[in-house]
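Here is a protein to explore together, step by step. Take a moment to turn the model around, and then follow along from the whole chain down to single residues.

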Amino acid sequence: QVQLVESGGGLVQAGGSLTLSCTYSGRAFSNYDMGWFRQAPGKEREFVSQISWSGGNTYYADAVKGRFTISRDNAKNTVYLQMNSLEPENTAVYYCARGRYLYWSRISQTMAEYGSWGQGTQVTVSS
């Protein structure tokens, strides 16, 4: 049984930084790609970033390239999202998710490509 628990969200001023963490419980964390999505009020959930199972490949939505960094520590079963230069438009609930397929590494930007989800953590950026 897979469980994903996000933490690190909160209230931050525009221009500030936050680091989100997602702790994974279950089998074979190191064999799966991991992703971050977000959902702003009244909007659909959207892709933010993905890291391959080995950590060797990372992908970002255009809106966050250069400001957000995804990483993982397979020894700790944890994936991180470092968010810098935050903007009010980044206000959303952030979700981590485990890729659906073993040893995937190809970019996966749709929710259907992820099989397990956390409960989300709120990030609020004030102007």
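## A walk through the strands

Reading from the N terminus, the elements of the protein follow the order β-β-β-β-β-β-β-β-β-β-β. Keep in mind that this is a predicted model. In total, the secondary structure consists of eleven strands and zero helices.

Let us begin with the overall form. How does the radius of gyration of the protein fit with that of a compact globule? A compact globule of 127 residues would have a radius of gyration near 14 Å, and the protein has 13 Å, so the two agree. Measuring along the principal axes, the C-alpha trace spans about 40 × 25 × 25 Å.

Next comes the question of inside and outside. Of the 127 residues, 43% count as buried. The protein exposes about 6,400 Å², and carbon and sulfur atoms supply 46% of that area. The charges can be placed too: the protein has 11 positive and 9 negative ones, and their mean positions lie 7 Å apart.

Contacts tell us how the chain comes back to itself. Among contacts with a separation of 6 or more, 60% are between residues 24 or more positions apart. We will meet several such pairs below.

Now look for strand 9, which covers residues 92-102. Which strands pair with strand 9? One partner is strand 4, which runs antiparallel to strand 9 and is joined to it by seven bridges. Within this pairing, Trp-36 has Cys-96 in strand 9 as its bridge partner. Strand 11, residues 121-126, also pairs with strand 9 in the antiparallel sense, over three bridges. Here you can find Val-93 standing opposite Gln-122 of strand 11. Strand 10, residues 114-117, is another antiparallel partner of strand 9, again with three bridges. In that pairing, Ala-97 stands opposite Trp-117 of strand 10. As you trace these strands, a general rule is handy: in a regular strand, side chains alternate between the two faces of the sheet.

From strand 7, residues 68-73, pick out Ile-70. Is Ile-70 buried or exposed? Its relative accessible area is 4%, so Ile-70 is buried. Setting aside neighbours within four places in sequence, the contacts of Ile-70 include Met-34, Trp-36, Ile-51, Tyr-60, Val-79 and Leu-81. Trp-36 is the residue we met as the bridge partner of Cys-96. Gly-35 is 35 residues away from Ile-70 in sequence, and their C-alpha atoms are 8.6 Å apart in space.

Loops deserve a visit as well. The loop between strand 3 (18-25) and strand 4 (32-39) holds Phe-29. With a relative accessible area of 2%, Phe-29 is buried. What does Phe-29 touch, leaving aside neighbours within four places in sequence? Its contacts are Tyr-24, Met-34, Arg-72, Asp-73, Asn-74, Asn-77, Thr-78 and Val-79. One of these, Asp-73, is 44 residues from Phe-29 in sequence, while the C-alpha atoms of the two are 9.8 Å apart.

Ala-28 sits in the loop between strand 3 and strand 4 too. Ala-28 is partly exposed, because its relative accessible area is 33% and the partly exposed class lies between 20% and 50%. Its backbone has a positive phi of about 55°, although Ala-28 is not a glycine.

A positive phi also turns up at Tyr-103, another residue other than glycine, with a value near 50°. Tyr-103 belongs to the loop between strand 9 and strand 10. At a relative accessible area of 45%, Tyr-103 is partly exposed. Tyr-59 and Tyr-103 are 44 residues apart in sequence and 15 Å apart in space, C-alpha to C-alpha.

Tyr-59 itself is part of strand 6, residues 58-60. Not counting residues up to four places away in sequence, Tyr-59 touches Phe-47, Val-48, Ser-49, Gln-50, Ser-105, Arg-106 and Ile-107.

Our last stop is Asn-90, in the loop between strand 8 (78-83) and strand 9. Asn-90 counts as buried, with 2% relative accessibility. Beyond neighbours within four places in sequence, Asn-90 is in contact with Arg-38, Arg-67, Phe-68, Ser-85, Val-123 and Val-125.

Technical notes
Residues are numbered from 1 along each chain as its sequence is written. This is a predicted model: local features need pLDDT of at least 70, side-chain atom pairs count only at pLDDT 80 or more; totals for chains, interfaces and linings use all residues. Side-chain values use heavy atoms; hydrogens and water are left out. Helices (H or I, at least four residues) and strands (E, at least two) are DSSP runs, numbered from the N terminus. The radius of gyration is taken over C-alpha atoms; the globule rule is 2.2 Å times the number of residues to the power 0.38. Buried means under 20% relative accessible area, exposed over 50%, partly exposed in between (1.4 Å probe, protein chains only). Contact means heavy atoms within 4.5 Å. Accessible areas come from the Shrake-Rupley method with a 1.4 Å probe; for residues, only the protein chains shown count as cover. Lys and Arg count as positive and Asp and Glu as negative; His and the chain ends are not counted. The place of a charge is taken as NZ of Lys, CZ of Arg, CG of Asp or CD of Glu. Two strands pair if DSSP finds at least two bridges between them.
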